[in-house]
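The following paragraphs lead the reader through a single protein chain, from local features to the overall form. The sequence and the structure are best kept in view while reading.

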Amino acid sequence: MAKKDKLIPEREMALNLLFENCDIKSTDDLQEALKDLLGYGIKKMLEAETDEHLGHEKGQISDSTNSRNGHKSKKLRSHQGEINLSVPQDRESSI
């Protein structure tokens, strides 16, 4: 966290929304929300890595012979428990 337990306003706003919308009332509820947050964050990073690797975002036309080719299911074990991920693939299997 930033400076002695003080959150930056954007993070505090996001966390407030998380608590309000996910009906977090117990530590188990919090663990499930953290697990979802971790899985979502990893998915976004994998998608960004694929964009970088291919040189274009999803839906854009490219001159490259390589392109997106669906997703593959993977399971990740974390402190929050097992997380099911959808890992992006490319045609040349070069990621």
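Where is the place of Asp-23? In this predicted model, Asp-23 is found in the loop between α1 and α2, the latter covering residues 27–54. The backbone at this position deserves attention, since the phi of Asp-23 is near 50°, a positive value in a residue other than glycine. Most residues other than glycine have a negative phi. Asp-23 counts as partly exposed because its relative accessible area is 47%, and the limits for that class are 20% and 50%.

The helix that Asp-23 follows is α1. Helix α1 comprises 13 residues, from 9 to 21. From its first C-alpha to its last, α1 reaches 18 Å, close to the 18 Å expected at 1.5 Å a residue.

The protein has 2 helices and 2 strands in total, and along the sequence these elements follow the pattern α-α-β-β. The strands are β1, residues 68–78, and β2, residues 81–90. They run antiparallel and are joined by 9 bridges. A hairpin of 2 residues connects β1 to β2, and Ser-78 stands opposite Gly-81 of β2.

Two residues of β1 illustrate the surroundings of this strand. The first to be considered is Leu-76, located in β1. Leu-76 is partly exposed rather than buried, because its relative accessibility is 29% and buried means under 20%. Which residues is Leu-76 in contact with, leaving aside its neighbours within four places in sequence? They are Ile-42, Gly-81, Glu-82, Ile-83 and Leu-85. Of these partners, Ile-42 falls within the residue range of α2, while Gly-81, Glu-82, Ile-83 and Leu-85 fall within that of β2. Leu-76 may also be compared with Gly-39 in position: the two are 37 residues apart in sequence, with their C-alpha atoms 8.8 Å apart in space.

The other residue is Gly-70, which also lies in β1. At 39% relative accessibility, Gly-70 is likewise partly exposed. Outside its neighbours within four places in sequence, Gly-70 is in contact with Val-87, Pro-88 and Gln-89. Gly-70 and Gly-39 are separated by 31 residues in sequence and by 18 Å in space, C-alpha to C-alpha.

Beyond the hairpin, the segment after β2 contains Ser-93. The phi of Ser-93 is near 50°, again a positive value in a residue other than glycine. Is Ser-93 buried or exposed? Ser-93 is exposed, because its relative accessible area of 61% is over the 50% limit.

The overall form of the chain may now be considered. Along its principal axes, the C-alpha trace of the protein spans about 50 × 30 × 25 Å. The radius of gyration is 17 Å, whereas a compact globule of 95 residues would have a value near 12 Å. Buried residues make up 17% of the 95 residues. The accessible surface of the protein comes to about 7,800 Å², and 51% of that area belongs to carbon and sulfur atoms. Finally, among contacts between residues at least 6 apart in sequence, 36% join residues at least 24 apart.

Notes: Residues numbered from 1 in each chain as written. Predicted model: local features only at pLDDT ≥ 70, side-chain atom pairs only at ≥ 80, totals over all residues. Heavy atoms only, no water. Pairing = 2+ DSSP bridges. Helix = DSSP H or I, 4+ residues; strand = E, 2+ residues; numbered from the N terminus. Expected span 1.5 Å × (residues − 1). Rg over C-alpha atoms; globule rule 2.2 N^0.38 Å. Buried < 20%, exposed > 50% of the residue type's maximum accessible area, 1.4 Å probe, protein only. Contact = heavy atoms within 4.5 Å. Areas by Shrake-Rupley, 256 points an atom, 1.4 Å probe, with all protein chains shown as cover.
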